[in-house]
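I opened this one to see what sits around the ligand and how some of the helices lie. My notes follow the order in which I looked things up.

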Amino acid sequence: MRFDYEKTAVVTGAAKGIGREICLALARDGWKLGIVDIDLDAAEETRGLIEKAGGTGEVFRCDVANPEEVAACAEHFFAAWGKVGLLVNNAGIMVAGCVEDVSVEDWRRIVDVNLMGVIYGCRAYVPGMKRQGGGHIVNVASMAGMITLFEQAPYNTTKAAIIGLSETLRMELSPHNIRVTVACPLCLNTNLLETARINSDFIAEFYRTSFTQARMSAAAIAGCILRAVEKNKFYEMPQPFAKLLWVNKRLTPAQFLDIFSLLNRRGLGKPVAMWLARHGLA
Ligand SMILES: NC(=O)c1ccc[n+]([C@@H]2O[C@H](COP(=O)([O-])OP(=O)(O)OC[C@H]3O[C@@H](n4cnc5c(N)ncnc54)[C@H](O)[C@@H]3O)[C@@H](O)[C@H]2O)c1
């Protein structure tokens, strides 16, 4: 893979799912990898796979919701490698349900992990990237931050905020030769639902169906994200249907919301969403 900086990457949430696949793709290209996660057993498995694939990996336990741990992690990898070329803020969790049914504690947890975790990551790595003369940051958001589905405000809200943060950083960090990409996948089959806190039978069924019917694997999504890094592309929406939804939202911003509001009033919103899930389009 062509990359203009040092081939060293710190990937959060690297023990499983998309994060692990990003590490493996980079390992095949001989990168040094920081495997950052709270699940140390799974992180060790990722490390073993990285070494088999030709890269080198080091596991670092860090809860991205804890700013001191994130700062210590950044300090560790800058000290160990001299330069961190790529930061992938990928760790995330799922909390869903109607706005009033989700506990304040669950609201806080998803904001802390999904949003503050990305903010802490940017705060911790940007100064070192500025000093070293550049780098690339990938923030893993979701199509849920662009095309919002009802009954999952906590997840949508954090992912929309990551997109806003990334758009700002793309401009702000450009004079420092630091590139920014925001990844917005639709559903794919990973371990995300294992730790999810979903307070809506509809959303639970919607995700179970979407995950099993997903048309792209985590490895394919990781490949798309890394191609976006190579091309210095800002928005990466790996699934073709995601691009179609996004174009529709851009052309007629309120139409999507009005259609689903009308469908919900007629009791049809959930059946239509489930139809999309069953056809691998969610
Ligand atoms: N799976 C999907 O359908 C989908 C779609 C769009 C976006 N995403 C996003 O992709 C990212 C990766 O998710 P995934 O689907 O690979 O899920 P996953 O559950 O397979 O992997 C997430 C990883 O993050 C780690 N993690 C969770 N909380 C953490 C914390 N506080 N600190 C450090 N690590 C933590 C987990 O231990 C796990 O290894 C998430 O941000 C998710 O929101 C997923």
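Ligand first. I'm working from a predicted model. I listed 27 residues around the ligand, and the ones that come nearest are Gly13, Gly17, Gly92, Thr190 and Asn191. Sorting the shell by class gave me 14 nonpolar, 9 polar and 4 charged residues. Then I checked which element gives the largest share of that shell: it is α1, with 3 residues.

So on to α1. Are its residues buried or exposed? I went through residues 17–27 and found 10 of the 11 buried, so this helix is largely enclosed by the rest of the structure. My list of buried ones starts with Gly17, Ile18, Gly19, Arg20 and Glu21. It goes on with Ile22, Cys23, Leu24, Leu26 and Ala27. Gly17 turns up twice in my notes: it is among the residues that come nearest to the ligand, and it is on the buried list for α1.

Next, a helix pair. I picked α6 (residues 201–213) and α10 (residues 269–278), which pack at an angle of about 20° with their axes 8 Å apart. Angles under 35 degrees count as roughly parallel, so I noted α6 as roughly parallel to α10. The crossing of α6 past α10 is left-handed.

Which residues make the contact? From α6 I wrote down Phe202, Phe206, Thr209, Ser210 and Gln213. From α10 I have Lys270, Ala273, Met274, Ala277 and Arg278. By class, that contact of α6 with α10 comes to 5 nonpolar, 3 polar and 2 charged residues.

One reminder to myself on helices: with 3.6 residues a turn in an α-helix, residues three or four places apart point the same way.

Methods. Residues numbered from 1 in each chain as written. Predicted model: local features only at pLDDT ≥ 70, side-chain atom pairs only at ≥ 80, totals over all residues. Axes fitted to C-alpha atoms, helices over the stretch in contact; angles between N-to-C directions. Helix = DSSP H or I, 4+ residues; strand = E, 2+ residues; numbered from the N terminus. Parallel < 35°, antiparallel > 145°, perpendicular 65-115°, else oblique. Left-handed = near helix turned anticlockwise from the far one by under 90°. Contact = placed C-beta atoms within 7 Å. Nonpolar A, V, L, I, M, F, W, Y, C, P; charged D, E, K, R; others polar. Buried ≥ 20, exposed ≤ 12 C-beta atoms within 10 Å, placed from the backbone. Near = placed C-beta within 6 Å.
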